[in-house]
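Here's a quick briefing to read alongside the structure. Have the model open and follow the topics one by one.

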Amino acid sequence: MSLDYVKFSPGFDSFMPKEYRDMVEHGPFGKKTTVSQMGSFKEILEEHPMCAGCAMTLFIRLAIIAFPNPEDTITVGTAGCGRLAISQAAIPFVYGNYGDQNGVASGLSRGLRIRFGDQPKDVVVMAGDGGTADIGFQQVLHSWFRQERFTTIMLDNEVYGNTGGQESGMTTRGAVLKMAPLGKKFEKMDMVSMAKIAGCAYIATVVPNNPRRVESCIKKAVLIAREVGPTYIQAYTSCNIEYAIPTDKVMEDAKTVEDDRYKFTEYVSDEAKAYLAERYGYKEFLPKPAAALTKA
Ligand SMILES: Cc1ncc(C[n+]2csc(CCOP(=O)(O)OP(=O)(O)O)c2C)c(N)n1
Ligand code: SF4
């Protein structure tokens, strides 16, 4: 697809702000940039008002770098901390009422397919655990059951961070928070199993301290959502403020939580495996030769 629409209109380049010029000249549009090149190109998201050390911000930054075609990607968000960062990115961001993100994304994704046909326009929802598993739960589940083709990413900090520490469905049992002083009485919701039951074609759980893994999951999720079906990524993105994690221990906490109860998991449906192998050359999903199958 032509990238003319991200270039300067003739005669206007010298009047554009430096940030804009940097993005056009040194940004990732139309290039294959990866997380291992961070620091050597102008990122789509660089400045934001999130708390210092917030793991959610790092995850969002990695996710945006991982978008396969960032210049053709639209993010959808909702109330919560994440939107404060996502809305600063140099790609379109749609923001509605709290919890309506998957309904908005369903309509957007369908409309873009009618308008642009086969040219990929990727829709990616990024919302907190409260927005996804509590307030937006019904719309999330229905978008999956209806096989809406876009990616849903839950920024799971296990609390309502933006409003000062209420428990969410994703808070772990027993956790004591500022506005849950007696400790949560119920188990953390199993959204991964629900995604599976509802027919998501790709599901992964990740933490942000393995950038290459985050990149790999996001890429697969976005590519699969183009044609196969809904995809879901659940990312542990701790809230260092509400969980009182010292900023220099945020990554250590992510590693500990990953080892303990947030292990990397990945589900890829058979249809999605075949699609990734045939369309995008993912060798690990190519059918095994008959001889290897017999030996195994
Ligand atoms: C309809 C509606 N109800 C309540 C709110 C207030 N509100 C804003 S953010 C938020 C909680 C966000 O928690 P979560 O979705 O987990 O995201 P986080 O801030 O933790 O990233 C709430 C209750 C709102 N904006 N709109
Ligand atoms: S309140 Fe928590 S989740 Fe929100 S920006 Fe601050 S550290 Fe991040």
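Let's start in the middle of the sheet story: valine 76 has valine 94 as its bridge partner in S2, and in S3 its bridge partner is valine 125. Keep in mind that this is a predicted model. From that residue we can work outwards to the rest of the sheet, then to a helix, the two ligands and a couple of buried side chains.

**The strand around valine 76**
- Strand S1 covers residues 73–77, and five of its five residues are buried.
- What sits on each face of S1? Thr73, Thr75 and Gly77 are on one side, with Ile74 and Val76 on the other, and all of them are buried.
- S1 runs parallel to S3, and four bridges join the two.
- S1 also pairs with S2 in the parallel sense, this time over three bridges.

**The whole sheet**
- Seven strands make up an open sheet, and walking across it you meet them in the order S2-S1-S3-S4-S6-S5-S7. The pairing is mixed.
- Which strands are at the edges? They are strand S2 (93–95) and strand S7 (265–268), each of which pairs on one side only.
- Ignoring direction, neighbouring strands of this sheet are turned by 15° against each other on average.
- Over at the S7 end, strand S5 (residues 202–206) pairs with S7 in the antiparallel sense over four bridges. Within that pair, threonine 205 stands opposite threonine 265 in S7.
- As a reminder, strands of a sheet pair through backbone hydrogen bonds, and they can do so in parallel or antiparallel fashion.

**A helix across the strands**
- Helix H8 (residues 211–227) lies across five strands by name: strand S3 (122–128), strand S4 (151–156), S5, strand S6 (231–236) and S7.
- Relative to S5, H8 runs at about 160°.

**Ligand 1**
- There are 15 residues around ligand 1, of which Tyr98, Gly130, Gly131, Val159 and Gly161 come nearest.
- Where do backbone atoms meet the ligand's oxygen atoms? A polar backbone atom of glycine 130 is 2.8 Å from an oxygen atom of ligand 1.
- For cysteine 81, a polar backbone atom is 2.9 Å from an oxygen atom of ligand 1.
- Valine 159 has a backbone N or O atom that lies 2.9 Å from an oxygen atom of ligand 1.

**Ligand 2**
- Around ligand 2 you'll find Met50, Cys51, Cys54, Cys81, Asn157, Gly161, Cys239, Asn240 and Ile241.
- Sorted by class, that shell has six nonpolar and three polar residues, and no charged residues.

**Glutamate 43**
- Look for glutamate 43 in the loop between helix H1 (18–26) and helix H2 (55–66).
- Is glutamate 43 buried or exposed? It counts as buried, because its relative accessibility is 4%, and the cut-off for buried is under 20%.
- The side chain of glutamate 43 makes a polar contact with the side chain of arginine 61, at 2.7 Å.
- Leaving out residues up to four places away in sequence, glutamate 43 touches Met23, Met38, Arg61 and Ile65.

**Leucine 141**
- Leucine 141 is in helix H6 (residues 137–145).
- With a relative accessible area of 12%, leucine 141 is buried too.
- Leucine 141 and methionine 194 are 53 residues apart in sequence, while their C-alpha atoms are 8.0 Å apart in space.

Conventions
Residues are numbered from 1 along each chain as its sequence is written. Chains are lettered from A and ligands numbered from 1 in the order in which they are written. This is a predicted model: local features need pLDDT of at least 70, side-chain atom pairs count only at pLDDT 80 or more; totals for chains, interfaces and linings use all residues. Side-chain values use heavy atoms; hydrogens and water are left out. Two strands pair if DSSP finds at least two bridges between them. Axes are lines fitted to C-alpha atoms, for helices over the stretch in contact, and angles run from 0 to 180 degrees between N-to-C directions. Contact means heavy atoms within 4.5 Å. A residue is near a molecule or strand if one of its heavy atoms lies within 4 Å of it. Ala, Val, Leu, Ile, Met, Phe, Trp, Tyr, Cys and Pro count as nonpolar, Asp, Glu, Lys and Arg as charged, and the others, Gly among them, as polar. Buried means under 20% relative accessible area, exposed over 50%, partly exposed in between (1.4 Å probe, protein chains only). A polar contact is a pair of N or O atoms within 3.5 Å; within protein, one must be able to donate a hydrogen and the other to accept it, and residues adjacent in sequence count only if both atoms are side-chain atoms.
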